[in-house]
Amino acid sequence: MYDLLIHEKTFSRLEPRLKPFAEHISPLVLSDSDEFRRPWGKAETDAMLVYGSQDAFFSPAARSFSKSIYSADRVRWFQSVAAGLENPFLQKVGRKAEIYTSCHVQAEAIAEWVLWAAFDFFGCGQERRDAQASRAWPRIEFREVGSTRWLIYGFGHIGEAVGRRLRGLGAHVTGVRRSSAVSPFADRIIHPKDVSGDDLGSVDAVLLCCPHTPETESMANADFFAAMRADSLFLNVGRGALVDEGALLGALESGKPAHATLDVTREEPLPKESQLWAHRCITLTPHSSTLTDGTIRRNDEQFLDNLGRFLSNEPMLDIVDATAFQEQSVKTD
């Protein structure tokens, strides 16, 4: 019998589907008001299982959630909805949990965020909104996304989800990753060390969706932006630390790239005094590219699938090797 540490909102969604496992789990439910309860009563348990859902990670009671994990005698399995591992909390949990599973289903939502950003930029969205606000009636010529060329850094789950959609529209995609394995969602695959200024200068959009490591720290610097085209789009859904934000602001002032759409920043929440807020060539979203009902549903499905696999002693999905938690870094896809 295992304790199952789970957020109240998550438990409310899943309780009927958890009932078949009632002989093996005793839910320990945490609310946003920082209260724990035992909806199925207290049972003698041997260890703890944890579902690290978005509800738990972004709850006002997240600190209590973390403390419960840290103070548990034994964490047998931790299911995370996050794909990344570099967060200090996740690193600490990874060293404690006997089994740690990640999740990559948020790639679908992030890919749609990228398409939204692309359609808005290449479709002259701001120009159209300005025209409407001024009650003007211009016929604005725009660029078809299907005619664009893309360079995608980090061609793993997210990069491939984006590439699949872009190629479906007819766009040309170059994926950047350490593996040379051919992908059906890229026209070309290159190693990060082989990316040249010519590669950056030959595309209409550059997307970062790789993790933050010592090698990728501030990879988007002044030289990086100087190599981009003047009419190009820069996007970041990876980590804020991938970008030298001062260099980005300077580059936008010089006109290369033409625009930046960012879902992540170095400091989050972004301080009110940051120049990123009001820059005319920057579109910001608050690290929310994964926030869809589809992401929540797919995360829950993977948790339930893995719970069944765990209790049946079957191979689990997306197990992370313990060596990933020995250092504060992970490698790019």
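In which hand, left or right, does α1 pass α11 in a crossing? Here are a few notes on that and on one of the pockets; please keep in mind that this is a predicted model.

1. **The crossing.** To answer the opening question, the crossing of α1 past α11 is right-handed. Helix α1 spans residues 8–18 and helix α11 spans residues 293–311; their axes come within 12 Å and cross at roughly 40°. Oblique is the class for angles that fall outside under 35, over 145 and 65 to 115 degrees, and α1 and α11 are therefore oblique to each other.

2. **Who meets whom.** On the α1 side, the contact is made by T10, R13, L14, R17 and L18. Their partners in α11 are I296, D300, E301, F303, L304 and L307. Sorted by character, the residues of this contact between α1 and α11 comprise 6 nonpolar, 1 polar and 4 charged.

3. **The second largest pocket.** Turning to the pocket, the second largest one has a volume of about 270 Å³. Its lining consists of 15 residues, and those nearest the centre are F121, G125, Q126, E127 and H259.

4. **Where the lining comes from.** Two helices and two strands each supply at least two lining residues of the second largest pocket: α5 (107–122), α6 (125–133), β12 (259–262) and β13 (282–284). Of the elements, α6 gives the most, with 5 residues.

5. **Character of the lining.** If you are thinking about the chemistry of the second largest pocket, its lining residues divide into 5 nonpolar, 5 polar and 5 charged.

Notes. Residues are numbered from 1 along each chain as its sequence is written. This is a predicted model: local features need pLDDT of at least 70, side-chain atom pairs count only at pLDDT 80 or more; totals for chains, interfaces and linings use all residues. Side-chain values use heavy atoms; hydrogens and water are left out. On a 1 Å grid over the protein atoms alone, a cavity is a set of points where a 1.4 Å probe fits but cannot get out, and a pocket is an open set with protein on both sides within 12 Å along at least five of seven lines; lining residues have an atom within 4 Å of a point. Grid points are joined across faces, edges and corners, and a volume is the space filled by probe spheres set on the points. Helices (H or I, at least four residues) and strands (E, at least two) are DSSP runs, numbered from the N terminus. Ala, Val, Leu, Ile, Met, Phe, Trp, Tyr, Cys and Pro count as nonpolar, Asp, Glu, Lys and Arg as charged, and the others, Gly among them, as polar. Axes are lines fitted to C-alpha atoms, for helices over the stretch in contact, and angles run from 0 to 180 degrees between N-to-C directions. A crossing is left-handed if the near helix is turned anticlockwise from the far one by less than a right angle, and right-handed if clockwise. Contact means heavy atoms within 4.5 Å.
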